[in-house]
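Visitor: Please give me a close look at one part of this protein chain, namely how its strands are arranged, and then set that part among its surroundings.

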Amino acid sequence: MASLRVTDLPAAEAVLVPTETVPETPIIRGVDFAKGCDLDAIMGAMLTSGFQATALGQAIDEVNRMINWRLEDDPVPANADPAHADPAFRAATRTKIYLGYTSNLISAGVREQIRWLVQNQMVDVIVTTAGGIEEDFIKCMGHTYVGDFNLKGKELRAQGLNRIGNMLVPNSNYCLFEDWIMPLLDDMLEEQKTQGTVWTPSKMIARLGAAIDHPDSVYYWAARHGIPVFCPAITDGSIGDMLFFHSYRNPGLVVDVVGDIRAINDSAMRAAPRRTGMIILGGGVPKHHINNANLMRNGADFAVLLNTAQEFDGSDSGAKPDEAISWGKIKPDARPVKVCGDATILLPLLLSQTFVKFWGKRDALRGAAAAGGDAAGGGRRQRSSRRGSSSSSRSSRCRSRRRRKQLAAAAA
């Protein structure tokens, strides 16, 4: 039967065109507070709530796919490296996760969630901007305060306060940062001169992370765990100001960005047999830098983007994931998700249903199953041992009775 054409219907019947097929998709239904109120119930209803709630639900599913994947889920290729065919290796090999975020999120409370991810080694590679580096260190020296989007810049300038959206950072914080970083830049220059050290932005960040020695710092934990932090726009912030001042005060320090582009691209190219996943908060340099690194391996396998940018102006920040597929930065068969919204709201909700719940759960279940098997085997061995002991005791008693009979017969 040919499909119905609306133009063939009389005007009166065309108002409500007959439904030929019903979508085979979930029914729209939101959380029902008559059944109680808890975070899991609210988040569980996101997928079927529509609009950006549905997009958030899809992002949760995609991140869980990302963190739960293991190499053992894929068939062993005929030409696989023998080491990669080993079952234990395949069970332990997980997705290599790239985390990117803009500086404003470190200035905001998202810093604590990013620090938690890094502290627990849940991500493998980080990309951010200069402000995303320095604001982390500055928060170890002085506080950022709640402000208001409508505060007047002229008045704040007179008070020595800097506004980041509806947050305020005192100028004194940057003075403390300068006092802290300048001696470290002196040390780096001395190492460059005496030891031939080639400083890249990632090496510089690792040195600063080790020096801050503060458990609230994202980069303290990154340095401690050897997680590389790339910042191709390292000069575009207060760190850039410090490098500028230092170039007059004690000239000669060189920071090599070429070494880092090689390092991040190599990290993606050499990721196999691991899959790669991208979690990108905001747009700009971090978004493109991670995408471009994954181009070098024919695209990422998983991708979740949280940002407020739109694509109508052609910016990379606002581009939908499908545009990245056209460039080869995300694999054609991937299921990437973009959620349009503020990451300060979206990220804690996303983490509550992904990393918080499921990170390491698959490995833990495997370990528990193995321990259960060992315990059962141990129980069988113990029972066998007891049976063996009983048999040995019975044999010994029988030999003793025979020996007594023999002695009695001899005595007679």
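**Strands and their surroundings**

Guide: Among contacts (heavy atoms within 4.5 Å) in the protein chain between residues at least 6 apart in sequence, 74% join residues at least 24 apart. The model is predicted, so local features need pLDDT of at least 70 and side-chain atom pairs pLDDT 80 or more, while totals for chains, interfaces and linings use all residues. Residues are numbered from 1 along each chain as its sequence is written, and side-chain values rest on heavy atoms, without hydrogens or water.

The protein chain contains 19 helices and nine strands, taken as DSSP runs of at least four residues (H or I) and at least two residues (E) respectively, and numbered from the N terminus. Of its 412 residues, 40% count as buried, that is, under 20% relative accessible area with a 1.4 Å probe, protein chains only.

Six of the strands form an open sheet in the order 6-2-1-7-8-9, with parallel pairing; two strands pair if DSSP finds at least two bridges between them. Strand 6 (229-230) and strand 9 occupy the edges, and each has a single partner strand, so one side of each lacks a neighbour in the sheet. Within this sheet, strand 1 and strand 7 (residues 276-281) run parallel and are joined by six bridges. One of the paired positions is K96, whose bridge partner in strand 7 is T276.

Further along the order, strand 8 (residues 302-307) and strand 9 (residues 337-340) are also parallel, with four bridges between them. Here N307 has C340 of strand 9 as its bridge partner. Strand 8, helix 16 (residues 321-327) and strand 9 together make a right-handed β-α-β unit: with the strands pointing away from the viewer, the path from the first strand over the helix to the second runs clockwise.

Just ahead of strand 1 lies R94, in the loop between helix 5 (87-92) and strand 1 (96-101). R94 counts as buried because its relative accessibility is 17%. Leaving aside residues up to four places away in sequence, R94 touches W69, R70, Q121, D124, R274, R275 and W359.

A separate open sheet has three strands in the order 3-5-4, and its pairing is antiparallel. Strand 3 (145-146) and strand 4 (161-164) are its edge strands, each pairing on one side only. Strand 4 and strand 5 (residues 167-170) run antiparallel and share four bridges, and L161 stands opposite P170 in strand 5. Helix 10 (residues 171-195) lies across strand 4 and strand 5, running at about 50° to strand 5; such angles run from 0 to 180 degrees between the N-to-C directions of axes fitted to C-alpha atoms.

Two further parts complete the surroundings. In helix 8 (residues 130-138), nine of the nine residues are buried; among them are the acidic-lettered positions E134, E135 and D136, together with I133, F137 and I138. Helix 11 (residues 201-212) and helix 12 (residues 218-225) have axes that come within 7 Å and cross at roughly 110°. Helix 11 is therefore roughly perpendicular to helix 12, a term for angles of 65 to 115 degrees. The residues that meet are I205, A206, G209, A210 and I212 from helix 11, and Y219, Y220 and A223 from helix 12.

Methods
Angles under 35 degrees count as roughly parallel, over 145 as roughly antiparallel, 65 to 115 as roughly perpendicular and the rest as oblique. Buried means under 20% relative accessible area, exposed over 50%, partly exposed in between (1.4 Å probe, protein chains only).
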